[in-house]
Structures are given as structure tokens and as C-alpha cells.
Amino acid sequence: MSHASLDAIRLAIRDVPDFPKPGVVFKDITPLLIDAKLFAGAVERMAAPYRGKGITRVVAIESRGFLLGAPIAVALGAGLVPIRKPGKLPAARERVEYALEYGTDAVEMHRDALAPGDRVLLVDDVLATGGTAAAAGRLVGARGVALVGYSFLIELAFLGGRERLGEARIEALLQYS
Ligand code: AMP
């Protein structure tokens with residue numbers, strides 16, 4: 001068990017104003033990842049609510065979700081499934097499109113990544129408007145498997161993203177309001 005405090009984890013996240021565009025305060029997790037103790041502590045804390053819940057697959061959202069989802073999968077004794085932007089996954093895949101402020105975006109998952117009986121934990125670094133995570137949840141749900149919950153490192157609560165994620169459990173280590 002790691003002893004990294006929540007405060008230490010919070011302090012390791014760097015705010016970068018106006019990235020990638022004016023008005024956005026980007027939550028940069030690289031200073032957290034670079035610190036072995038804080039990284040391990042964040043992974044353990046993100047996994048903890050889902051221990052003993054029979055998670056068989058951690059589904060991680062491109063691309064910073066991979067950095068957290070992979071060690072969480074190992075911690076939970078689960079397999080790892082990547083959800084990617086269109087055109088990245090090589091084999092037969094499912095796609096879900098979702099609305100952006102202007103236009104649409106899409107996420108994809110391999111068709112054989114999940115099977116009936118799987119119990120899924122969805123992982124990403126930041127819950128912002130919830131559009132990406134909701135689309136990922138639809139991809140998982142469309143496979144007829146149990147979406148047990150979501151685990152985020154950061155929730156930008158003022159954007160109300162959790163309202164878009166339906167009934168599944170939602171855990172976020174750090175909340176910003
Ligand atoms: P959304 O679909 O609005 O919830 O956006 C979620 C996705 O965008 C996640 O994959 C995040 O990595 C990324 N994201 C959104 N807002 C931020 C932010 N302020 N800082 C870092 N990443 C963000």
C-alpha cells in the first residue's frame with residue numbers, strides 16, 4: 001500500500017492555462033507520473049473502490065487513460081482494453097459517435113475485446129464535459145456486458161460531466177469546482 005497523500009497527488013498536477021486553446025486550463029498529469037510514489041499512490045487509490053468487485057476488464061480511453069488504465073488493470077488482476085480514436089485499431093471494431101461543441105467525434109473498440117459475463121471498469125484521466133466517457137460507456141454497454149463503474153483521476157465538476165454517465169458508479173480522486 002502506498003502512502004502518497006491525496007494532497008500530494010493534487011499538488012503534483014500542473015495547471016497549464018490556455019492549452020490546447022485559449023480559455024482551457026489543461027490538467028497536466030506528467031509531474032504526477034514522473035514521481036514513482038505518487039504515481040503508485042494514484043493508481044492504488046483509483047483501483048481501490050473496485051477491488052473485490054469482480055472486474056474482468058479495464059477499458060481505458062486514449063490516450064492518457066492508457067497510462068492509468070494499464071497499471072489499474074494489473075492492480076485489479078483484470079485485462080486491459082483500449083478505446084481509441086478512429087483509424088487506430090487494426091481489427092474488426094465498433095464505433096460510437098458523439099457531439100462536440102462544433103461537429104462530431106468518435107471512439108472505437110475492438111469487437112472481440114469484451115464478452116458476455118465481463119465486468120468492466122472504465123478509466124480516464126479527466127472527466128470534463130463527459131462526452132468522451134459517455135461514448136465509451138455506450139461502446140461497452142452495446143456489447144451486453146456489465147459496466148460496473150468509472151474511475152477518473154480528476155473530475156472538473158463544474159462541467160457537470162457525471163450527469164451524462166447514467167447509472168454506473170463514478171469515482172474521481174480529485175474534484176475541482
Ligand atoms: P470530455 O469529453 O469533455 O469529458 O473530455 C474528456 C477528455 O478530454 C479526456 O480524455 C481528457 O483527457 C481530456 N480533457 C478535457 N478537458 C481537459 C483538461 N482541462 N485537462 C486535461 N485533459 C482534458
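This passage walks through a sheet, the helices around it and the largest pocket of a predicted model.

The sheet makes a handy starting point. Five strands form an open sheet in the order β4-β3-β7-β8-β9, and the pairing is parallel. At the edges stand β4 (79-83) and β9 (169-176); each has a single partner strand, so one side of each is left without a neighbour in the sheet. On average, neighbouring strands here are turned by 20° against each other, with direction ignored. Looking at one edge in more detail, β4 pairs with strand β3 (residues 57-61) in the parallel sense, and five bridges link the two. One residue pair to look up in the structure is Val59 with Val81 of β4, its bridge partner.

Helices come next. Helix α5 (residues 131-141) packs on the sheet, where it touches β3, β4, β7 and β8. The direction of α5 makes about 165° with that of β7. Helix α4 lies across β3, β4, β7 (119-127) and β8 (146-156), and runs at about 145° to β7.

Besides lying across those strands, α4 (residues 64-76) also meets helix α3 (residues 36-47): the two axes come within 9 Å and cross at roughly 65°. This crossing is right-handed. On the α3 side, the contact is made by Phe39, Val43, Met46 and Ala47. On the α4 side, Leu67, Leu68, Pro71, Ile72, Ala75 and Leu76 take part. As for the character of this contact, the residues divide into 10 nonpolar, with no polar and no charged ones.

That leaves the pocket. The largest pocket holds about 1,200 Å³ of space. It is lined by 36 residues, and the closest to its centre are Val24, Val126, Ala128, Thr129 and Thr132. Several elements already met turn up again in the lining: α4, β7, α5 and β8 each supply at least two residues, and so do β2 (25-28) and β5 (93-99). The most comes from β7, which gives four residues to the lining. Sorted by class, the lining of the largest pocket has 18 nonpolar, eight polar and 10 charged residues. The contact of α3 with α4, by comparison, has no polar and no charged residues.

Strand β7 therefore links these parts of the picture, as a reader tracing the model can check: β7 sits between β3 and β8 in the strand order, with strands counted as paired if at least two bridges are found between them. Both α4 and α5 touch or lie across β7, and β7 gives the most to the lining of the largest pocket.

Key
Residues numbered from 1 in each chain as written. Predicted model: local features only at pLDDT ≥ 70, side-chain atom pairs only at ≥ 80, totals over all residues. Heavy atoms only, no water. Axes fitted to C-alpha atoms, helices over the stretch in contact; angles between N-to-C directions. Left-handed = near helix turned anticlockwise from the far one by under 90°. Contact = heavy atoms within 4.5 Å. Nonpolar A, V, L, I, M, F, W, Y, C, P; charged D, E, K, R; others polar. 1 Å grid on protein atoms, 1.4 Å probe; cavity = no way out; pocket = protein on both sides within 12 Å on 5 of 7 lines; lining within 4 Å. Points joined across faces, edges and corners; volume = space filled by probe spheres on them.
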